[in-house]
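Biologist: I'd like to go through this model with you and hear the reasoning behind the labels. Can you pull it up?

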Amino acid sequence: MTLSPEAIKRRADYDGDSPFPEAVHDFTASRFQIGLTAALVVIPLAALGAGVWLAWGNGLALHDLLLAGVLYVVTGLGVTVGFHRLLTHGSFTARPWLRVALAIAGSMSFQGNVVDWVAIHRRHHAFTDRPGDPHSPYRYGTSLRGQLRGLAHAHLGWMFTGDPTPAARYAPDLLADPAMVKVARAFPALSAGSLALPFLAGWAISGSLYGGLTTFLWAGLIRVALLQHITWSVNSLCHVMGSRPFRTRRHDRATNLWPLALLSFGESWHNGHHSEPTCARHGMDRHQIDPSAGFIRLLERLGWAEAVRWPDPHRMESRRSGASE
Ligand SMILES: [Zn+2]
Ligand SMILES: [Zn+2]
């Protein structure tokens, strides 16, 4: 993104409460882009309604839920451990095959291709809650109306604004990695596979087309919708409500939100994460359940993950709000 000298000056003057300068002149994406994004968001959501309606009195097979659970965990860890902790922040190094496997798993979550995901998320950390942040809930200021509009923007509205994040600037390491470029190019095919897999499995298990369709609904569309909204809630809710036990950079208002800990695989310990972004564990305190960190620990024991950046207790204590500098 190129900025005019006035825009740069306005950024330097930013007070943390008023709307972002670029919020005044919203960018608009192309119709195709808006249509595609809307389809990716609305179809899984509509499927949730259809799913409940279908399941009502028609029974919902156990294998539908089991497959939904398995795919939720596989694609969810692909995003949290692969896209986020490994590829965005380099919290550990992984064997090449594991790196690719995690990137493939994350690509099956309908959250965009791996290169763009990483670029956008790095930009979020570079400009957290100030002008330049692709999805800050503070974009429209801190009035009640601005905050509500900001939450909608941070949750999913930001995907509908044509505000591209240049991968060449934010993710040159991934662009230089042929394996990652390949996975990124395969994103449409992996998305299709993410839905075809449950359909075919359901068809094979139940022996009927109808059985295939119910599995497609629950383990395909509804599973995608749930993970999308949990991930987006980290962008929206986890910058507005919850606790802030650790100090973060100026303007950065990331919070810890315990109710989302399990479903988000530990990503809702977002204040801990913004305080120490390269750390492999986001739940810094003992009782803060962090399944992604548990999975990284398992990979480390198996010898597949190395150079894991575990939290340094002394450093974290010094970063606690109220602790002396
Ligand atoms: Zn954040
Ligand atoms: Zn991050």
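Modeller: Let's start with residues 68–282, where the chain is 60% helix and 1% strand. The end C-alpha atoms of that stretch are 25 Å apart. Bear in mind that this is a predicted model.

Biologist: What makes residues 68–282 a stretch to pick out?

Modeller: An unreviewed UniProt entry annotates residues 68–282 as "domain: Fatty acid desaturase". That entry also lists residues 34–56, 65–84 and 96–120 under "transmembrane region". In the model, residues 65–84 come out as 100% helix and 0% strand, with end C-alpha atoms 26 Å apart. For residues 96–120 the figures are 76% helix, 0% strand and 23 Å between the end C-alpha atoms.

Biologist: How do you know that the length of helix 4 agrees with its number of residues?

Modeller: Helix 4 covers residues 62–88, which is 27 residues, and at 1.5 Å a residue the expected span is 39 Å. The end C-alpha atoms are 36 Å apart, so the two agree. There is a bend in helix 4 too, of about 25° at Gly82. Just past the end of helix 4, Gly90 has a positive phi of about 55°.

Biologist: Why is helix 4 called largely enclosed?

Modeller: A residue needs 20 or more other C-beta atoms within 10 Å to be buried. In helix 4, 19 of the 27 residues are buried, so the rest of the structure largely encloses that helix.

Biologist: What makes Pro44 count as buried or exposed?

Modeller: Pro44, in helix 3 (residues 31–55), has 23 C-beta neighbours inside 10 Å. The cut-off is 20 or more, so Pro44 counts as buried. From Pro44 to Thr75 the C-alpha distance is 15 Å, with their positions 31 residues apart in sequence.

Biologist: And how do you know which label Ala105 gets?

Modeller: By the same test: Ala105 has 22 C-beta neighbours inside 10 Å, so it counts as buried. Ala105 belongs to helix 5. Its C-alpha atom is 8.7 Å from that of Leu190, although the two are 85 residues apart along the chain.

Biologist: Why is helix 5 called roughly parallel to helix 10?

Modeller: Helix 5 (residues 96–107) packs against helix 10 (residues 178–185) at about 20°, with the axes 10 Å apart. Angles under 35 degrees count as roughly parallel, so helix 5 and helix 10 get that label.

Biologist: Which hand does the crossing of helix 5 and helix 10 have?

Modeller: That crossing is right-handed.

Notes
Residues are numbered from 1 along each chain as its sequence is written. Chains are lettered from A and ligands numbered from 1 in the order in which they are written. This is a predicted model: local features need pLDDT of at least 70, side-chain atom pairs count only at pLDDT 80 or more; totals for chains, interfaces and linings use all residues. Helices (H or I, at least four residues) and strands (E, at least two) are DSSP runs, numbered from the N terminus. The expected span of a helix is 1.5 Å times one less than its number of residues. The bend at a residue is the angle between axes fitted to the seven residues ending there and the seven starting there. A residue is buried if 20 or more other C-beta atoms lie within 10 Å of its own, exposed if 12 or fewer, and partly exposed in between; C-beta atoms are placed from the backbone. UniProt positions are given in the numbering used here, feature names are shortened, and annotations may be inferred rather than shown by experiment. Axes are lines fitted to C-alpha atoms, for helices over the stretch in contact, and angles run from 0 to 180 degrees between N-to-C directions. Angles under 35 degrees count as roughly parallel, over 145 as roughly antiparallel, 65 to 115 as roughly perpendicular and the rest as oblique. A crossing is left-handed if the near helix is turned anticlockwise from the far one by less than a right angle, and right-handed if clockwise.
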